[in-house]
Amino acid sequence: MLQIRVKPGIEDRIRGFFPWVYRAEIASLSRKPKKGEAVVVRDFAGKFLGYGYINPEVTIAVRILSFNKEEKVTTDLIRRRIKMAYDYRKRLYINSNAFRLIHSEGDLLPGLIVDVYGQYAVIEFTTYGMSLFRETVVEALIEVLNPQGIYEKANQTAVKVEGIDVKEGALWGEVPEIVEIWEHDLRYLINIPQGQKTGFFLDQRNARKLVRGLVEPGDRCLDVFCHTGGFALSMKKMGAKEVRAVDISPLALEVGKENEKVNGLSGIEWICANAFDYLRDLDNKGEEFDVIIIDPPSFAKNRHAVPSAIRGYKELCLRGLKLTKPGGYMAIFSCSFHITADHLLNVMTEASYDVRRQVRVIHTTFQDKDHPWVLQMPNTLYLKGLWVEVI
Ligand SMILES: C[S@@+](CC[C@H](N)C(=O)[O-])C[C@H]1O[C@@H](n2cnc3c(N)ncnc32)[C@H](O)[C@@H]1O
């Protein structure tokens with residue numbers, strides 16, 4: 001098997017179970033590597049550190065799957081890990097028939113995402129090395145889920161960076177374009193081929209439940225960056241009188257409108273707009289809401305983007321605080337690992353000072369429990385939410 005030695009000083013981090021080796025950290029290779037092939041990672045002196053796979057063309061060159069000398073990277077290991085991920089999900093009693101089954105490094109399967117929507121599973125490969133296990137992954141999913149269909153979706157960024165040969169479409173069985181799922185007491189339509197990510201933001205399930213406790217019948221609510229209306233529908237379900245749902249994607253809003261119908265709800269105002277412009281207009285008009293949710297896409301895809309992302313969050317916090325009625329609530333989320341919970345707190349503190357509003361933190365939330373994160377790998381904790389009462 002291909003052997004690599006890492007530069008002196010890197011071994012401690014890997015012994016601490018951090019599963020990535022950057023290309024610049026490789027001291028030597030036993031021969032020219034093939035893209036995706038299995039590799040033994042050793043320290044500079046030659047001592048075993050882990051087993052993984054390599055893509056010499058990318059910055060994160062090696063992903064380690066096992067730190068155990070007896071546990072090589074085989075199709076059996078992939079099957080065992082998928083079974084382990086499934087057994088964990090069974091214990092969660094998620095109040096939905098949709099859940100994340102495989103959360104990449106969070107399930108010790110770097111490069112693999114699998115979301116389950118009722119009878120269907122959607123796979124995304126985010127590394128070339130993992131995509132070579134496509135057949136094994138499909139077989140293991142059939143075994144644990146007994147699904148009606150398995151669909152592969154392209155993760156465009158990963159395809160470009162890693163050069164994955166994607167087989168977009170059904171890999172097994174038949175998968176309809178639109179699938180209906182339920183979460184808590186609401187139904188959602190998922191457009192698998194055209195929707196964002198694998199079709200739905202499963203990671204916000206706990207937050208969509210939490211918002212219900214804040215909405216009173218008759219309230220005026222705002223769901224900014226609403227996608228297909230997860231928060232807006234929950235607000236309406238709780239009896240909000242007025243709900244405005246804003247997103248830039250016409251397709252997401254179309255699905256949102258259908259979601260409203262299938263749930264027998266009505267009256268949500270679906271607004272196709274750039275959220276920054278829309279919030280500025282509301283602010284200029286002096287509008288006020290009882291509950292505001294702001295759930296933007298990732299503004300910081302890498303650490304260099306952090307300063308501009310923080311400026312974006314600052315603007316959203318300023319507008320959100322100004323638009324919240326005294327005694328009302330607002331929540332803001334970041335789905336980028338590079339923006340920490342402390343960043344959000346700091347931004348909110350600065351914004352509350354600037355708008356002269358006292359603020360009380362009522363909840364902090366993270367990605368829901370079917371998106372586990374690895375303690376030794378902070379990158380796996382990506383979603384943070386700060387919920388405040390504006391006094
Ligand atoms: C993290 S998702 C929101 C998920 C949603 N809260 C849910 O529970 O399903 C972010 C959304 O922001 C939208 N978006 C991205 N940039 C935008 C912008 N400038 N203005 C409005 N919406 C935007 C995307 O279309 C996407 O639907």
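A polar contact, as I will use the term today, is a pair of N or O atoms within 3.5 Å. With that in mind, let me start at the ligand, where a polar side-chain atom of aspartate 295 lies 2.7 Å from a nitrogen atom of the ligand, while an N or O atom in the side chain of glutamine 196 is 2.9 Å from a ligand oxygen. Asparagine 274 has a side-chain N or O atom 3.4 Å from a nitrogen atom of the ligand. The protein covers 91% of the 600 Å² of accessible area (Shrake-Rupley method, 1.4 Å probe) that the ligand has on its own.

I should say that this is a predicted model, in which local features need pLDDT of at least 70 and side-chain atom pairs count only at pLDDT 80 or more, whereas totals for chains, interfaces and linings use all residues. Residues are numbered from 1 along each chain as its sequence is written, and side-chain values use heavy atoms, leaving out hydrogens and water.

Now to the second topic, the largest nonpolar core, meaning a set of buried (under 20% relative accessible area, 1.4 Å probe, protein chains only) Ala, Val, Leu, Ile, Met, Phe, Trp, Tyr and Cys residues joined through side-chain atoms within 4.5 Å. This core has 38 residues, and among those that touch the most other members are Tyr117, Met235 and Trp387. Helix H7 (230-237), a DSSP run of at least four residues, is one of the elements that supply at least two core residues, and H7 gives the most, with four. Because domain 2 (75-179) and domain 3 (201-390), whose bounds come from an automatic or database assignment, both give residues to this core, the core lies between them.

Technical notes: Polar contact = N/O pair within 3.5 Å; in protein donor to acceptor, adjacent residues only side chain to side chain. Buried < 20%, exposed > 50% of the residue type's maximum accessible area, 1.4 Å probe, protein only.
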